[in-house]
Amino acid sequence: MMKSLMLFGALVVICITTTGCGKYSANDVQSDTEKVSTESKSDGWWCNEHGVPEEICAQCSEKLAKEYKAKGDWCQKHDRPESQCFLCHPELEAKFAAVYEAKYGKKPPKPSAD
């Protein structure tokens, strides 16, 4: 009797997982998964796109960009703060990565934007 219940339960699980409800497409699920994994990696503290903490990411904030420009901290060639320009100063990427590693105990995701 117990084996029959276990077999029935396994069949129900298989049917549910293989058929689904048809509400979402594969692309929707993949997109949602990417959002969750991106958000959970840094809790919104880290800008994965630019490789710096969100609170100082002038590439994501026009207000911050204006502040950096007003201070004279701006790379005209790459349109970002000089103090965050990994293209002119590759050593800065390691500096910011160390901040991420200190907080999370692992290497940060590689910045996805140049």
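Start with the cysteines: a search of the whole structure finds 0 disulfides. Keep in mind that this is a predicted model.

**Stop 1: the cysteines**

Select Cys60 and Cys57. The sulfur of Cys57 is the closest cysteine sulfur to that of Cys60, at 3.6 Å. A disulfide needs the two sulfur atoms within 2.5 Å, so this pair is too far apart for a bond. Look at the surface around Cys60 too: Cys60 is partly exposed, at 45% relative accessibility.

Now select Cys88 and Cys85. Cys88 is in no disulfide, and its nearest cysteine sulfur, that of Cys85, lies 3.7 Å away. Cys88 is also partly exposed, with a relative accessibility of 35%.

**Stop 2: the whole chain**

Zoom out and switch to a cartoon view. The protein chain has 4 helices and 2 strands. Follow the sequence and the pattern reads α-α-β-β-α-α. The chain holds 114 residues, and 24% of them are buried.

Turn on a surface. The accessible surface of the chain is about 8,400 Å². Carbon and sulfur atoms supply 58% of that surface. Then think about contacts. Among those with a separation of 6 or more, 37% join residues 24 or more positions apart.

**Stop 3: between the strands**

Select His50. His50 sits in the loop between strand E1 (46–47) and strand E2 (52–53). Is His50 buried or exposed? At 9% relative accessibility, His50 counts as buried.

Show what surrounds His50. Leaving out residues up to four places away in sequence, His50 touches Cys57, Gln59, Cys60, Phe86, Pro111 and Ala113. Two of these names, Cys57 and Cys60, come from the first stop.

**Stop 4: across to Pro111**

Go to Pro111, one of the residues that His50 touches. Pro111 lies in the segment after H4. Pro111 is buried, at 18% relative accessibility.

Add Glu49 to the selection. How far apart are Pro111 and Glu49 in sequence, and how far in space? They are 62 residues apart in sequence, but their C-alpha atoms are 4.9 Å apart. Now display the contacts of Pro111. Not counting residues up to four places away in sequence, these are Asn48, Glu49, His50, Gly51, Phe86 and Glu93.

**Stop 5: the salt bridges**

Glu93 leads to the next stop. Side chains of opposite charge can pair when their charged atoms come close. In this model the count is 2 salt bridges.

Select Lys110 and Glu93. Their side chains form a salt bridge, 3.0 Å from N to O. Lys110 is in the segment after H4 and Glu93 is in helix H4, so the pair ties together parts 17 residues apart in sequence. Check the surface at each end. Lys110 is exposed, at 63% relative accessibility. Glu93 is partly exposed, with a relative accessible area of 22%.

Select Lys107 and Glu101 next. These side chains also meet in a salt bridge, at 3.7 Å from N to O. Lys107 is exposed, with a relative accessible area of 65%. Glu101 is partly exposed, at 30%.

**Stop 6: helix H3**

Select residues 62–70, which make up helix H3. Which residues of H3 are buried? They are Leu64, Ala65 and Tyr68. These residues cover an arc of only 105° around the axis, which means that they lie on the same side of H3.

Rotate the helix. Glu62, Lys63, Lys66 and Ala70 are exposed on the other side. Then step just past the end of H3 to Gly72, which takes a positive phi of about 80°.

**Stop 7: a buried acid**

Finish at Asp73. Look for it in the loop between helix H3 (62–70) and helix H4 (91–104). Asp73 is buried, yet has no salt bridge. Which side chain of opposite charge is nearest to Asp73? That is Lys71, 5.7 Å away. A salt bridge requires a nitrogen within 4 Å of a carboxyl oxygen, so this pair does not count as one.

Show the contacts of Asp73. Apart from neighbours within four places in sequence, Asp73 is in contact with Tyr68, Pro81, Glu82 and Ser83. Tyr68 links this view back to helix H3, where it is one of the buried residues.

How values were computed: Residues are numbered from 1 along each chain as its sequence is written. This is a predicted model: local features need pLDDT of at least 70, side-chain atom pairs count only at pLDDT 80 or more; totals for chains, interfaces and linings use all residues. Side-chain values use heavy atoms; hydrogens and water are left out. Buried means under 20% relative accessible area, exposed over 50%, partly exposed in between (1.4 Å probe, protein chains only). Contact means heavy atoms within 4.5 Å. Accessible areas come from the Shrake-Rupley method with a 1.4 Å probe; for residues, only the protein chains shown count as cover. Lys and Arg count as positive and Asp and Glu as negative; His and the chain ends are not counted. The arc is that of the directions from the helix axis to the C-beta atoms.
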